[in-house]
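Here is a walk through one protein assembly, from a few local details out to the interfaces. Keep the structure open while you read.

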Protein chains: 4
Amino acid sequence: MTDRPEIAHLGSTTLSTADIDKSLWFFRDLLGMEEVARDGDSVYLRAFQELEHHSLILKDSNVNQLESVSWRTKRPEDVEQFARQLHDSGIETVEAPAGTKKGQGDSIRFFTPHGGHPFELYYDIDKPQAPEAIRSKLPSNSSTRRGLGVRRIDHVNLHTAADAVGPTEAFLRDGLGFKRRESFSAPGGGPLVATWTSVTPQVHDVAVVANPGNAVGQLHHVAFNVESYSDSLTAADVLRDHDVQIDLGPGKHGIGQAMFLYVRDPGSGHRIEIYAGGYLIFAPDWEPINWKAENFADGLTWYGEPFPLANHAMSETTSSTSKLI
Amino acid sequence: MTDRPEIAHLGSTTLSTADIDKSLWFFRDLLGMEEVARDGDSVYLRAFQELEHHSLILKDSNVNQLESVSWRTKRPEDVEQFARQLHDSGIETVEAPAGTKKGQGDSIRFFTPHGGHPFELYYDIDKPQAPEAIRSKLPSNSSTRRGLGVRRIDHVNLHTAADAVGPTEAFLRDGLGFKRRESFSAPGGGPLVATWTSVTPQVHDVAVVANPGNAVGQLHHVAFNVESYSDSLTAADVLRDHDVQIDLGPGKHGIGQAMFLYVRDPGSGHRIEIYAGGYLIFAPDWEPINWKAENFADGLTWYGEPFPLANHAMSETTSSTSKLI
Amino acid sequence: MTDRPEIAHLGSTTLSTADIDKSLWFFRDLLGMEEVARDGDSVYLRAFQELEHHSLILKDSNVNQLESVSWRTKRPEDVEQFARQLHDSGIETVEAPAGTKKGQGDSIRFFTPHGGHPFELYYDIDKPQAPEAIRSKLPSNSSTRRGLGVRRIDHVNLHTAADAVGPTEAFLRDGLGFKRRESFSAPGGGPLVATWTSVTPQVHDVAVVANPGNAVGQLHHVAFNVESYSDSLTAADVLRDHDVQIDLGPGKHGIGQAMFLYVRDPGSGHRIEIYAGGYLIFAPDWEPINWKAENFADGLTWYGEPFPLANHAMSETTSSTSKLI
Amino acid sequence: MTDRPEIAHLGSTTLSTADIDKSLWFFRDLLGMEEVARDGDSVYLRAFQELEHHSLILKDSNVNQLESVSWRTKRPEDVEQFARQLHDSGIETVEAPAGTKKGQGDSIRFFTPHGGHPFELYYDIDKPQAPEAIRSKLPSNSSTRRGLGVRRIDHVNLHTAADAVGPTEAFLRDGLGFKRRESFSAPGGGPLVATWTSVTPQVHDVAVVANPGNAVGQLHHVAFNVESYSDSLTAADVLRDHDVQIDLGPGKHGIGQAMFLYVRDPGSGHRIEIYAGGYLIFAPDWEPINWKAENFADGLTWYGEPFPLANHAMSETTSSTSKLI
């Protein structure tokens, strides 16, 4: 009862897209996700290793924006407890009753302070079986592996204004229970520029990175996990051959030690990361790794193409936020 | 204060070996582990992605047995709290002061009821830097990758008598906080035959499997994690070429969806698993997967060589337990 | 003029199938081959890295047999020269005019002596572009990679009666110019049991293996090449999940050092090998590797599941030959 | 007798190095090559899948240059026949008796016209067994896989002045029997800028690329082959962690469809490519792929970091030639 509410894991993101057919071709036909349901202007998808109802909602729209970053709590009662706690700290939440999103129970929604990102918290979620034609014989997979073999959502990377990274991380830590795992601060005691935080042993469930611009609620990318580095390479090969824009990679981050491949959903322009590998943090006393200016480039790219830090090509806004609801 | 004590992760195992030079050749020179320290008859090793002092202690001996399965707790006070709790449930613990094992703080030791496995709980552990010659430039690695690229300890698999799997799992769950993730029970409502349990999102930190024999404190294997399936294949290739005995694999488990490769430390005969991949469990309401007799073979081997269930070749004892200091 | 005629490479095989729809599902939809053309009861397919018209012809039939092993010659005039040479050595050939097989020029057909395998030699072959929807941007690929990523035909493995391996190899060497690369003879100066021969630097374009039975014109398997070991593993994963029968693998041959995965076309029962890696032979004075009885098992399986030599489960007939034409 | 002489394959390169100890650390200790012999100022190395005496000779020197590109002929008599033929076309050759290079028989040496690269042709070569401690159980490997798993020499890439690519290729084709596989010419009917040629089914045994400078006998890189893309990634990881300079990669060429990783031998500065995969050419009527200006960048980098064509960072001279003998 007096337990602090906790977040269990990233559940899904909702992305609006100006060309939903092209987005479906990308996520479903190329990446291999399952189309679980349609409802109004929304299409619900999940990857083959996800048992829950959806990890991606595509919303037919005339804009391309981040509509929701949805987190599952550890206990049913955590949703309400978070609501109280957020209210106490001055953050307004909106309740969305069960069914507002298909397959999902009661949730609360709010904008993160400083960053203005649309967050959602829920606990109840359906776990529908896949249609028999694609159902996996492995009980830990919902469906057979298809397309490029995307198997689950992995993390989100959010953009904020340069002075909002620190405050946003403070909210994630104090308000939601995330832990800093790796980070980078401007030299000479300058502000926090980028931070990788998680509630799971992953190095990050959510990263926050400074953006030269000012817009709020911006997404840098949503990452989907593939089983192996080889899957990343095959994805690069096939996506390239289908004229899907590759921003960077494949290459290996020093931060998190995972393979990155940044591509653009051709329907919406949202940046999507195909993500493989990485290390896990089990140590209860993990000391956050704070990168220094002289080796931060290694942190971003351990091998492969360097991040274009100078011209901010990687930091361009991909989507601004929608209104809440 | 009223919080239940918790285990954070598997820290190390101590294996005695009748041929420590050969065991060192295997773990250090072939698998690529770092020799961190020597102390009396013990050699302390860790893998390149481990920052803590050791994940394997080899002990020069005239027998080959499992000497300790050592778990790190979440908080310093958990060690003492576990001691009280174990005592209350009738399990005798022995305190080992800091330094009993090099680099390690105060610990408590006890035999698990029913299975008789030597467990140890501790919190404090040194995190020494590797010598400069092999120190990694990546702060999340202690040293550069060497040999076959073993990067961290992954899990242990323990053998018990056929009727002790259920009681052992009950102790792991009720006494230590492990959760069942996958399992197999004998057909017709028979006893639990095998169970995979964890305190982390891994499918198992410890598995318990029925052994046709009666001996107590037996080890089926200790698993070390490699970065990719390709690393498993290369390990099979190289170990085979060095006449290291391969029991089974490489192949893929349906249970856990990871690649297995079972080999024998040529110094001690202990079975070691080279382990890659697998899925992670973030769902707070994970329904344990209970395999049925008709597809349990798929659970053991999804692809690759089937487990020799009939003749129990895989279930032979590799080591019996030592006395608890 | 006085040059001996030469074979350039394996071009295609024709396999009849009693369930062509299921065979097409397997080769086209699962393995990812392109359906290039249909003609009467035949469907022509090729893999994404093949520029020539076809590497597999599936023939709707009420039997499942090997209809043709078709080899491309080095020069146009080699076809006729081989015809003369075969005639001189007492082997009857039949001429098939251009167009008998779609996309293919004049060919000659004959049964190999002793083994009775239906061979075909041709030079001219169309190189059609793939339809724009699947055309690759890489000029060395005909189409984009799809499905499980089979990229080209690799080799065939033929079964003969136990006493016909030696004579068949002699014909391949003296009659067609193949070179022995690796082999195995029965202990004590016994007959040749298995041989791997090639006209290219591959370790084998065609293998000949003794079969306990007596039937002629039998196929052990046709192999298709994938880009990497990881592709073999993914193929095993996905085929298993679609209930495609896996005979053996994935594992690594000592012979040829390649990864094997033997599966059955569910439409016809023909054994198909998914094949990856291997070494190439450039040495002009290559000494054939002749395996001894004591390590032949290593030659067959370097790591992974051993070949079931004892019970000949791997040597069962998969297909008997058709009439020539 | 009237047969044209033929080259079988690339045998070795000789590279002089100003810091032979560092070069040995790189090639032997990191890449995993075997030190086969020492003789005067030369150290002979080969990779684990090479049965012949050496594929790399490191020569202690005060300069870093390409000393020899050595090719093995198809027949013993080809060496002398090439000598006659070269003499007839006005190219002076020097004979080096057996033993001039350890393990190697009589050879002829000459500078290629236009490019001035030191070439050598030989047939006889020893095939020594590796010392028992590292000898492989696989008869097609000389030793066990070690270090980063380099398994054989793959190809060389030579630099010439901008106007010498065409004449050099003409010499390779007409004088030595190489075939053009892929190429790039300057737009508007301009001169040949780069060409990939081979005598084997590999896309290139030797490439020739225009260099903005004028120096003769220059090397762009020597490539060593690894078994898989994963090996390339591991090499990048480990070499990076040992401060070995990475020029570019890992990434995939469109040309040849292989994975590239360009690094510098820290002893000599010679550029070395770790090379994996690629397609093979068996078609006797292969049409060379001639890239156009608009997609040549894709040919160089299909995925991964683009080649720095603009500033010629990749085209810097790594070594100038030595005198012949």
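## A loop in chain D

His114(D) sits in the loop between strand S7 (107-111) and strand S8 (118-122) of chain D. What stands out about the backbone of His114(D) is its phi, which is positive at about 75° although the residue is not a glycine. Bear in mind that this is a predicted model, so angles and distances here are computed from predicted coordinates.

Just before S7 comes another loop, the one between strand S6 (94-96) and S7 of chain D, and Asp106(D) lies there. What does the side chain of Asp106(D) reach? It gets to the backbone nitrogen of Ala98(D), at 2.8 Å. Ala98(D) is also on the list of contacts of Asp106(D) once neighbours within four places in sequence are left aside, and that list also has Val79(D), Ala96(D), Pro97(D), Leu121(D), Tyr122(D) and Tyr123(D). Take Tyr123(D) from that list: 17 residues along the chain from Asp106(D), with 7.6 Å between the two C-alpha atoms.

## Cis prolines

Now for a peptide bond to look up in two chains. In chain B, Gly249(B) and Pro250(B) are joined by a cis peptide bond, with omega at about 5°. Pro250(B) belongs to strand S14 (residues 246-252) of chain B.

Over in chain D, the bond between Gly249(D) and Pro250(D) is cis, with omega about 5°. Pro250(D) is found in strand S14 (residues 246-252) of chain D.

## Two domains in chain A

Chain A splits into domain 1 (7-134) and domain 2 (152-315). Their centres, taken over C-alpha atoms, are 21 Å apart. The UniProt entry, which is unreviewed, carries the annotation "domain: VOC" for residues 9-124 and 152-277 of chain A. Within the span 9-124, helix makes up 19% and strand 40%, and the end C-alpha atoms lie 13 Å apart.

How do the two domains meet? Domain 1 brings 41 residues into contact with 38 residues of domain 2. About 3,000 Å² is buried between them, and carbon and sulfur atoms give 78% of that area. Salt bridges between these domains number 0, while 9 residue pairs are in polar contact, counting pairs with both residues at pLDDT 80 or more. On the domain 1 side, S1, helix H1 (20-30), S5 and helix H2 (78-88) each supply at least two residues. S1(A) gives the most, with 10 residues. By class, that side of domain 1 has 22 nonpolar, 16 polar and 3 charged residues.

## Chain A against chain B

Next, the contact with chain B. Here 37 residues of chain A touch 37 residues of chain B. The buried area is about 3,100 Å², with 62% of it from carbon and sulfur atoms. How many salt bridges are there between chain A and chain B? The count is 6. You can check one between Asp285(A) and Lys127(B), where the closest N and O atoms are 2.9 Å apart.

The interface of chain A and chain B also has 16 residue pairs in polar contact, both residues being at pLDDT 80 or more. Strands S1 (7-17), S5 (66-73) and S17 (289-291) of chain A each supply at least two residues of the side that touches chain B. S1 and S5 of chain A also each supply at least two residues of the domain 1 side that touches domain 2. Sorted by class, the side of chain A that touches chain B has 16 nonpolar, 10 polar and 11 charged residues.

## Chain A against chain C

With chain C, the contact takes 16 residues from each of chain A and chain C. These chains bury about 1,200 Å² between them, 43% of it on carbon and sulfur atoms. Which residues should you click on? Lys137(A), Arg145(A) and Asp241(A) supply 43% of the area that chain A buries against chain C, more than any other three residues.

Between chain A and chain C there are 2 salt bridges. Lys137(A) forms a salt bridge with Asp243(C), with 3.6 Å between the closest N and O atoms. Polar contacts across this interface come to 5 residue pairs, both residues at pLDDT 80 or more. The side of chain A that touches chain C divides into 2 nonpolar, 6 polar and 8 charged residues.

How values were computed
Residues are numbered from 1 along each chain as its sequence is written. Chains are lettered from A and ligands numbered from 1 in the order in which they are written. This is a predicted model: local features need pLDDT of at least 70, side-chain atom pairs count only at pLDDT 80 or more; totals for chains, interfaces and linings use all residues. Side-chain values use heavy atoms; hydrogens and water are left out. Contact means heavy atoms within 4.5 Å. Buried area is the accessible area (1.4 Å probe) that two parts lose on being put together, summed over both. A salt bridge is a side-chain nitrogen of Lys or Arg within 4 Å of a carboxyl oxygen of Asp or Glu. A polar contact is a pair of N or O atoms within 3.5 Å; within protein, one must be able to donate a hydrogen and the other to accept it, and residues adjacent in sequence count only if both atoms are side-chain atoms. Helices (H or I, at least four residues) and strands (E, at least two) are DSSP runs, numbered from the N terminus. Ala, Val, Leu, Ile, Met, Phe, Trp, Tyr, Cys and Pro count as nonpolar, Asp, Glu, Lys and Arg as charged, and the others, Gly among them, as polar. Domain bounds come from an automatic or database domain assignment. UniProt positions are given in the numbering used here, feature names are shortened, and annotations may be inferred rather than shown by experiment.
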